[in-house]
Amino acid sequence: MGELIKNIEKINIGGGALNVELNEPPSVHSDYDVHLQNEFFRFSLGKKDFLALACTMLEAERQLRWLKGREQ
């Protein structure tokens, strides 16, 4: 595993807080690692996979807000 480069953000999901960390690549030919973690949980992704996950979550939030707006 690579060394921590930067703490990017602290996010809240479902009442729990997660730290988002950017880490050095685990090898010379790898991309940066992004860790989503707290004291109980750690999820490690490559930078490309993290960006895909983040885009998916933002789109899901947009769709949920749109659906909730239609229900009222």
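Is N23 buried or exposed? N23 is buried, with a relative accessible area of 3%. The legends below describe a predicted model.

**View 1. N23 is a buried residue of strand β2.**
N23 is found in strand β2. The strand spans residues 16-23. The relative accessible area of N23 is 3%, and buried means under 20%, so N23 counts as buried. Leaving out residues up to four places away in sequence, N23 touches G2, E3, L4, I5, Y32, D33 and H35. A polar atom of the N23 side chain also lies 3.5 Å from the backbone oxygen of E21.

**View 2. H35 makes side-chain polar contacts with R42 and S44.**
H35 lies in strand β3, which covers residues 33-37. H35 counts as buried because its relative accessibility is 4%. The side chains of H35 and R42 make a polar contact of 3.0 Å. A second partner is S44: its side chain and that of H35 are joined by a polar contact of 3.4 Å. H35 is also one of the residues that N23 touches.

**View 3. Q37 pairs with E21 through a side-chain polar contact.**
Q37, like H35, lies in strand β3. Q37 has a relative accessible area of 18%; the limit for buried is under 20%, so Q37 counts as buried. The polar contact between the side chains of Q37 and E21 is 3.2 Å. Residues up to four places away in sequence aside, Q37 touches L18, N19, E21 and R42. G16 is 21 residues from Q37 in sequence; their C-alpha atoms are 10 Å apart. Two residues of this view recur elsewhere: R42 has a polar contact with H35, and the backbone oxygen of E21 lies 3.5 Å from a polar atom of the N23 side chain.

**View 4. P25 sits in the loop between β2 and β3.**
How exposed is P25? P25 counts as partly exposed, because its relative accessibility is 23%. With neighbours within four places in sequence left aside, P25 is in contact with G2, S30, D31 and Y32. G2 and Y32 are also among the residues that N23 touches. P25 and E3 are 22 residues apart in sequence, with a C-alpha to C-alpha distance of 8.1 Å.

**View 5. F40, F41 and F43 form a nonpolar surface patch.**
Together, these three residues have about 360 Å² of accessible area. F40 lies in the loop between β3 (33-37) and β4 (42-46). Its relative accessibility is 74%, so F40 counts as exposed.

**View 6. The whole protein has 1 helix and 4 strands.**
The order from the N terminus is β-β-β-β-α. The radius of gyration is 15 Å, well over the 11 Å that the globule rule gives for 72 residues, so the protein is more spread out than a compact globule. Along the principal axes, the C-alpha atoms fill a box of roughly 50 × 25 × 15 Å. Buried residues make up 17% of the 72 residues. Of the contacts between residues at least 6 apart in sequence, 7% join residues at least 24 apart. The accessible surface comes to about 5900 Å², and 55% of that belongs to carbon and sulfur atoms.

Technical notes. Residues are numbered from 1 along each chain as its sequence is written. This is a predicted model: local features need pLDDT of at least 70, side-chain atom pairs count only at pLDDT 80 or more; totals for chains, interfaces and linings use all residues. Side-chain values use heavy atoms; hydrogens and water are left out. Patches are made of residues with over 30% relative accessible area and no salt bridge: like charges are joined within 9 Å, nonpolar side chains (Val, Leu, Ile, Met, Phe, Trp, Tyr) within 5 Å. Accessible areas come from the Shrake-Rupley method with a 1.4 Å probe; for residues, only the protein chains shown count as cover. A salt bridge is a side-chain nitrogen of Lys or Arg within 4 Å of a carboxyl oxygen of Asp or Glu. Helices (H or I, at least four residues) and strands (E, at least two) are DSSP runs, numbered from the N terminus. Buried means under 20% relative accessible area, exposed over 50%, partly exposed in between (1.4 Å probe, protein chains only). The radius of gyration is taken over C-alpha atoms; the globule rule is 2.2 Å times the number of residues to the power 0.38. Contact means heavy atoms within 4.5 Å. A polar contact is a pair of N or O atoms within 3.5 Å; within protein, one must be able to donate a hydrogen and the other to accept it, and residues adjacent in sequence count only if both atoms are side-chain atoms.
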